[in-house]
Amino acid sequence: MKTDVVVIGGGPAGMAAACEAKKNGAKVVLIEREYRLGGILNQCIHNGFGLHYLGEELTGPEYANFWVQKTEKAKIKTLLGSVVLSVEKKGEKQVFVTVENENGIKKIETKAVVFSCGCREKPGPAINLCGDRPAGIYSAGEAQKIVNIHGKMVGKKVVILGSGDIGLIMARRMTCEGAKVLGVYEIMPTCGGLLRNVSQCLNDFNIPLYLSTSIVKICGKERVEGVVVAPVKEDFSFDLKKQKFVECDTVLLSVGLLPETELLFNKNLEESKTTNSYVVNEFYQTSEKEFFVCGNVLHVNDLVDNVTREGLKAGECAALFATKTLPSRNKIKVLFDENIRYVSKSYVFKGKGKTSLFFRVTKEMKKVFINAYSGGEKIATKFCPVVRPGTIEEIEIDKSKLGKDLSLKVEVAS
Ligand SMILES: Cc1cc2nc3c(=O)[nH]c(=O)nc-3n(C[C@H](O)[C@H](O)[C@H](O)COP(=O)(O)OP(=O)(O)OC[C@H]3O[C@@H](n4cnc5c(N)ncnc54)[C@H](O)[C@@H]3O)c2cc1C
């Protein structure tokens with residue numbers, strides 16, 4: 001089979017990318033390993049999706065359905081129950097994608113590939129969790145799938161480790177299903193998830209959040225019987241004098257997500273030191289021109305609306321690259337100060353129009369300006385009452401104002 005653009009992953013990033021690539025005149029194949037489109041949204045039955053993009057708060061499945069209908073209307077060739085095993089570039093605009101499904105293994109020849117494979121949860125061993133390994137330890141997303149998709153409860157007395165959004169949402173979900181959530185324990189001094197989730201998922205249900213506190217060890221033979229928790233000092237060692245035992249039968253881990261980048265391994269791509277993924281320019285194009293990356297496989301997003309915007313741009317640019325050409329001159333590296341952990345796009349191009357840069361800060365700061373400088377001039381500015389590592393920030397750059405350089409700074413308002 002031959003096509004212009006292959007999109008790998010049928011979550012919100014992939015569906016948006018496929019629709020936009022088709023709209024821009026490309027022949028598209030969308031590949032998803034599950035038997036339905038939607039990705040992680042299918043198990044997120046809470047609302048809070050699409051507020052910015054659609055102007056209404058939908059549940060995950062409702063937001064997914066909006067895009068499934070668009071994909072169907074656009075008549076995009078979609079392979080479900082199909083796993084992409086490998087992607088090999090053979091020449092300029094010549095890439096082979098190997099797919100396996102119930103009909104066997106086949107190769108698709110394409111000019112460009114959009115990787116929208118999402119991310120996966122960090123498991124317990126990745127954080128050196130001490131103690132026993134009885135039944136009753138789940139990652140929060142796995143528990144979400146069991147409860148929301150398979151309709152089964154995972155426990156009655158629950159402790160949650162990590163205050164990322166999935167942990168917060170599962171604290172509320174388990175409570176609504178009749179479990180007692182004894183607390184969310186967070187090693188860092190600030191919450192990892194969105195403030196709206198702290199308010200709606202913890203405060204509204206009287207679930208305590210213990211900051212700078214973590215699990216020292218898990219106890220239990222057959223099933224979890226409890227955890228030992230203790231405050232964490234500034235050097236991240238435990239204050240064991242203050243340790244205490246919390247009786248519970250279930251531990252949910254919400255300790256971070258890792259972009260699912262395996263298909264991009266060993267491709268000589270420029271890596272990002274901070275996102276566990278790869279560097280892209282404003283077209284979501286990697287240093288290998290045929291490969292585009294967007295959504296959670298690029299960086300872990302907090303809002304699906306931004307994932308959709310990334311997918312749309314990546315799809316449009318992959319189609320332009322495959323069928324015509326994409327500009328590659330006047331490339332400018334995006335530099336940033338120590339208050340910024342990463343910026344999603346590492347290069348922008350001087351020219352017409354605007355481009356949005358998404359980024360995360362390193363620490364919570366109040367009353368700050370996000371400023372963009374080029375050629376010694378301030379070319380964009382935005383006031384934020386508060387910025388937090390758990391929330392992605394955005395600044396829009398007018399590309400016609402770009403000089404030879406671009407740097408982003410988070411500066412405290414005087
Ligand atoms: C629990 C949870 C709660 C959230 N709550 C909110 C919220 O309230 N509001 C909000 O705006 N956002 C929320 N988000 C964030 C948002 O939903 C995600 O950022 C977004 O859905 C990610 O989309 P994606 O397309 O990048 O990845 P995914 O949705 O993960 O899709 C990736 C797809 O790629 C497929 N895939 C991967 N590898 C292969 C392969 N080799 N071959 C074929 N297919 C493959 C996977 O099966 C999957 O379907 C939440 C996220 C989570 C996890």
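How many helices and strands are there in the protein? The model is predicted. The protein contains six helices and 28 strands. Its radius of gyration is 22 Å, close to the 22 Å that the globule rule gives for 414 residues, so the protein is as compact as a globular protein of that length. The C-alpha trace spans about 65 × 60 × 40 Å along its principal axes. Burial was then counted over the 414 residues, and 46% of them are buried. Contacts were sorted by separation in sequence. Of those between residues at least 6 apart, 63% join residues at least 24 apart.

The domain assignment divides the protein into three parts: domain 1 (1-121 + 257-326), domain 2 (123-255) and domain 3 (328-414). Domain 1 is thus written as two stretches of sequence, 1-121 and 257-326. The C-alpha centres of domain 1 and domain 3 are 25 Å apart. Their contact takes 13 residues from domain 1 and 14 residues from domain 3. On the domain 1 side, the residues that touch domain 3 comprise four nonpolar, seven polar and two charged.

The ligand was examined next. Its shell holds 36 residues. The closest are Gly-9, Gly-11, Gly-39, Gly-118 and Gly-295. By class, the shell has 17 nonpolar, 13 polar and six charged residues. Several helices and strands feed this shell with at least two residues each. The helices are α1 (12-23), α3 (140-148), α4 (165-176) and α6 (304-323). The strands are β3 (47-49) and β6 (83-91). Where does the ligand lie with respect to domain 1 and domain 2? Both domains give residues to the shell, so the ligand lies between them.

Helix α6 has a second point of interest. Its 20 residues should span 28 Å at 1.5 Å a residue. The C-alpha atoms at its ends are 28 Å apart, which agrees with that expectation. Burial gives another view of this helix. Of its 20 residues, 17 are buried, so α6 is largely enclosed by the rest of the structure.

Backbone angles were also inspected. Most residues other than glycine have a negative phi. Two exceptions are described here. Lys-93 is not a glycine, yet its phi is positive, at about 50°. Lys-93 sits in the loop between β6 and β7 (94-101). Is Lys-93 buried, exposed or partly exposed? A residue is buried with 20 or more C-beta neighbours within 10 Å and exposed with 12 or fewer. Lys-93 has 15 such neighbours, so Lys-93 counts as partly exposed. Asn-206 also has a positive phi of about 50° and is not a glycine. Asn-206 belongs to the loop between α5 (195-202) and β14 (209-210). Asn-206 is exposed, because just 8 other C-beta atoms lie within 10 Å.

Gly-183 lies in strand β13 (residues 180-185). Gly-183 has 20 C-beta neighbours inside 10 Å and therefore counts as buried. Which residues does Gly-183 touch, leaving out those up to four places away in sequence? They are Val-159, Ile-207, Pro-208 and Tyr-210. Leu-326 offers a contrast in distance. Gly-183 and Leu-326 are 143 residues apart in sequence, and their C-alpha atoms are 51 Å apart in space.

Methods: Residues are numbered from 1 along each chain as its sequence is written. This is a predicted model: local features need pLDDT of at least 70, side-chain atom pairs count only at pLDDT 80 or more; totals for chains, interfaces and linings use all residues. Helices (H or I, at least four residues) and strands (E, at least two) are DSSP runs, numbered from the N terminus. The radius of gyration is taken over C-alpha atoms; the globule rule is 2.2 Å times the number of residues to the power 0.38. Two residues are in contact if their C-beta atoms, placed from the backbone, lie within 7 Å. A residue is near a molecule or strand if its C-beta atom, placed from the backbone, lies within 6 Å of it. Ala, Val, Leu, Ile, Met, Phe, Trp, Tyr, Cys and Pro count as nonpolar, Asp, Glu, Lys and Arg as charged, and the others, Gly among them, as polar. Domain bounds come from an automatic or database domain assignment. The expected span of a helix is 1.5 Å times one less than its number of residues.
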